[in-house]
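Hi everyone, thanks for making the time. I'd like to walk you through a structure that is new to our group, so please have a look at it with me.

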Amino acid sequence: MNKLPFKNFRKSLIVVTMLVNIISGNLLAQSKNPSPLHFPTPKNIENMVFYIQRDPNINTAIYAINYQENGKIDKSNPIKAYWIRYAEKGEKKDFNYLQRKYAYGIESKASNNEEFELQFVSYKKLPLTLKKIDSDQKYHVFVNLNQKRIQVEKIFVRIEGGSFWLPNVKYAEVTGIDASSNKTITERMLLK
């Protein structure tokens with residue numbers, strides 16, 4: 001039996017396998033949506049500062065500035081949060097008690113006249129800052145993540161199984177504007 005054709009076949013197989021891995025790796029790296037679900041982008045949401053999308057459905061948590069009737073921010077509760085239930089015809093619905101107190105709610109503390117410290121009730125290791133920006137005179141949310149200061153636009157939370165009380169959260173991705181470069185970036189953080 002001639003070993004030369006087998007040797008060439010084996011080399012060709014290795015090269016093809018490497019190319020397939022490189023191409024598929026590049027495609028995965030370029031994917032903006034790490035979930036098998038197709039998430040809609042919230043549009044025309046009054047006073048929205050950022051939103052959260054997560055597995056296992058396309059319902060979206062909206063975080064918006066909570067203005068009082070006089071047009072000033074409510075300093076005791078600067079963020080109002082609620083669902084847009086895209087899986088249920090796009091209904092707007094308030095978080096229920098458990099969601100507000102244990103999962104998606106936000107706690108806030110005023111740090112000065114136009115700035116607030118924020119944190120999620122379910123993950124206090126990600127401090128956020130809500131502040132009014134001089135350039136547009138609007139409030140924005142910022143986070144420091146992976147040595148970058150990001151103006152947060154959206155957060156994606158990858159959940160694979162688990163339960164309501166103990167979801168198996170793989171990671172979160174924060175997408176927004178890098179304050180140093182003014183470019184859109186996405187930074188991933190593993191949640192532990």
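Let's begin with Arg-85, which sits in strand β3, the stretch covering residues 79-85. Please keep in mind as we go that this is a predicted model. Is Arg-85 buried or exposed? Its relative accessibility is 15%, and the cut-off for buried is under 20%, so Arg-85 counts as buried. And which residues does Arg-85 touch, once we set aside neighbours within four places in sequence? The contacts are Asn-59, Gly-90, Glu-91 and Lys-93.

Now for the nonpolar cores. The largest one has 32 residues, and Phe-50, Tyr-63, Leu-130 and Ile-155 have the most contacts inside it. The biggest contributor to this core is β9, which gives 5 residues. There is also a second, separate core, made of 5 residues, with Ile-45, Ile-62, Tyr-82 and Ile-84 among them.

On to the pockets. The largest has a volume of about 830 Å³. It is lined by 30 residues, and the closest to the centre are Tyr-104, Ser-122, Ile-159, Pro-167 and Val-169. Where does the lining come from? Two or more residues each are given by β1 (48-54), α2 (97-103), β9 (148-162) and β10 (167-178). You've met β9 already: here it supplies the largest share of the lining, 6 residues.

What is the lining of the largest pocket like chemically: how many of its residues are nonpolar, polar and charged? The split is 21 nonpolar, 5 polar and 4 charged.

That's my tour, thanks for listening!

Technical notes: Residues are numbered from 1 along each chain as its sequence is written. This is a predicted model: local features need pLDDT of at least 70, side-chain atom pairs count only at pLDDT 80 or more; totals for chains, interfaces and linings use all residues. Side-chain values use heavy atoms; hydrogens and water are left out. On a 1 Å grid over the protein atoms alone, a cavity is a set of points where a 1.4 Å probe fits but cannot get out, and a pocket is an open set with protein on both sides within 12 Å along at least five of seven lines; lining residues have an atom within 4 Å of a point. Grid points are joined across faces, edges and corners, and a volume is the space filled by probe spheres set on the points. Helices (H or I, at least four residues) and strands (E, at least two) are DSSP runs, numbered from the N terminus. Ala, Val, Leu, Ile, Met, Phe, Trp, Tyr, Cys and Pro count as nonpolar, Asp, Glu, Lys and Arg as charged, and the others, Gly among them, as polar. Buried means under 20% relative accessible area, exposed over 50%, partly exposed in between (1.4 Å probe, protein chains only). Contact means heavy atoms within 4.5 Å. A nonpolar core is a set of buried Ala, Val, Leu, Ile, Met, Phe, Trp, Tyr and Cys residues joined through side-chain atoms within 4.5 Å.
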